[in-house]
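Colleague: I have not seen this one before. Can you walk me through it?

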Amino acid sequence: MTKAKQAQNPRSSKGQMRVIEAVMASLIVVSAVAFLYAFAATPSSQPQETSELEKIGHNVLHDIDEQGLLTRFVYRSEWADMTSALVVSLPTNVYFNLTVYNVNGNPINHPLMQYGNQQIFDSSKAVASVSYIVPGYQTTYSPRVLVLKLVRG
Amino acid sequence: MRTARERKGQFIIIAALLLSIMIIAISTVIYGTVTYYRQERWEEYVTIVDSIKTASCNLLQVGLANYTQTLNQSVLRDYFNLWMRDVRKAYPGFGVDLSYSLASGIRSAYGVNINYNLGLNRTWNQQVSFSASDATVNIDIASVGLTGYNFSSHVFLKMNIRDAKWYYKAAQASDRYVLIYVSVDKEGPEPVINLQKSNFVPVKLDGVPQPFSMKRYYESKTYGCFIYEIRINSVATQPTSAEVTLQDTRGIKSVSYTTDVLMSE
C-alpha cells in the first residue's frame, strides 16, 4: 500500500497499530505468567510413607509408656525386653533401630536394639525418625531421649 | 487526533504491565498461602507436643514418688525447673519453651479435699489416706508460632482400709487372725489391681510389723470394688490399731491407719 493510499485511509494504519499493541500486551502478560510458572516450584511435602511410620513409631512408644513399661526398660537397662516389646508392637514389615541418649545428646551405653539388617536401613529411601523423651523413673529425675528409626521392609 | 491515538496505545501497554504486576503479586501471596501447610513439619510438631505432654505428666509421678519417700516439699518445683531447661536441650532448634504453675490451696477431687503445697500433698495415717500432685504446664514452640498450649495434669493414689477384723472364735489362740480389707485407687479414678504383696510392706498391728499373706479379688457383695485382703495369722489378742503402708509400681507411697479393728466370728 502506498503512502498516498495510507493517507487516503488513516483507519488502516490505526488498525495495524492496535494489533501490534495487543500482541505486545499479550506478550507482557504471557511473560509474567511464564515467569511465575518458572519460579513456582512446588515445595516437596514430607513423603506419605515417612509420615505414616512416624505416627506408628510415636504411638507404639506412647502405648508402651502408658503401660509403665518404657521407663522400666530404659532405667533398669532391660534392653532385650525393650526390643521384644517393639517387635511385638510394630507391624511385622516395619524394621527399627532404637538409640537412647541423655539430655545432652550423648548416647547411653546399651547393646544394639535393632530389628532388621543394617542394609535395609542403608538402602531405604524413607527412614522415619521419632524422638521420645522420658523424664525419670521412680523417684529419680534423669531425662532420656529415645530416638526410634523406622523403615518398611 | 494523532496524539490521542498514541496515548491510547500506550495505555494498553501500561495496562498490560500493571496487570502483569498484579498477577505476579497476587500469585505470590496465594502461592505462599496454599503451600504453607506443606512447608511446615506438622507431624513432627504434633509428636513433640505430645511427647512433652506425656513426659510432663510422668514428671509429676516422679516428683510425687520422691516426695512421698523423702518428704522433700520442694522436689516438684526443683524437678520442673530442671525439666524446663532440659526440654530446650532435648529439642534444639524448635524454640520449645515450657512454663508451669504448681497447684496451691485446697482442691476437691475424687471425693476428698486435697490441700496442695507446691503442687504436692500427702494425707496419711487415716482410714482413707492419699498422696497427690497437681500442676499446669504451658508449652510454646516459637518456630511454629504455637503459644499458650496448656494442660493440667494430676497424679493421685488413694488407699482405703475398708474393714479390719479380728477373728477370735478359734479355740487355739494361735489360730486367731486378722483380716484387713483394702481398696486402692489412682487418678481417673481408676482401681489399681496389679499390686503384689511386696507393695504392702510393712503391715503393722499396734505399731508392730507383722508377717502376712495377701489375696486380691473383686468383692461384689459388701464393697463392690477390687479388694486386697491382708491376712495376719496368730493374733491372740484384739489389736487396737492396724496400719498398712503401700508403695505402688510408680514408687508413690501412702500409709493408712485405723483404730477400728472389729471383733468378728
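Modeller: Below are the contact between the chains, the cores and one sheet. This is a predicted model, where local features need pLDDT of at least 70, side-chain atom pairs count only at pLDDT 80 or more, and totals for chains, interfaces and linings use all residues. Residues are numbered from 1 along each chain as its sequence is written, and chains are lettered from A and ligands numbered from 1 in the order in which they are written.

Colleague: How many residues does each chain put into the contact?

Modeller: Chain A puts in 37 residues and chain B 38 residues. Two residues are in contact if their C-beta atoms, placed from the backbone, lie within 7 Å.

Colleague: Which element of chain A gives the most to that side?

Modeller: H2(A), with 12 residues. Helices (H or I, at least four residues) and strands (E, at least two) are DSSP runs, numbered from the N terminus.

Colleague: And what is that side made of, by class?

Modeller: The side of chain A that touches chain B has 21 nonpolar, 11 polar and 5 charged residues. Ala, Val, Leu, Ile, Met, Phe, Trp, Tyr, Cys and Pro count as nonpolar, Asp, Glu, Lys and Arg as charged, and the others, Gly among them, as polar.

Colleague: New topic. Which residues touch the most other members of the largest nonpolar core?

Modeller: A:Leu61, A:Leu148, A:Leu150 and B:Leu76, in a core of 56 residues. Helix H2 (residues 42-70) of chain B gives the most to this core, 9 residues. A nonpolar core is a set of buried Ala, Val, Leu, Ile, Met, Phe, Trp, Tyr and Cys residues joined through C-beta atoms within 7 Å. A residue is buried if 20 or more other C-beta atoms lie within 10 Å of its own, exposed if 12 or fewer, and partly exposed in between, with C-beta atoms placed from the backbone.

Colleague: What about the sheet in chain B, in what order do its strands run?

Modeller: The order is E10-E9-E13-E14, an open sheet of 4 strands with antiparallel pairing. Two strands pair if DSSP finds at least two bridges between them. E10 and E14 of chain B are at the edges with a single partner strand each, so one side of each has no neighbour in the sheet.

Colleague: Why is E14(B) largely enclosed?

Modeller: Because 5 of its 6 residues are buried, E14(B) is largely enclosed by the rest of the structure. E14(B) pairs with E13(B) over 6 bridges, and B:Gln247 stands opposite B:Lys253.
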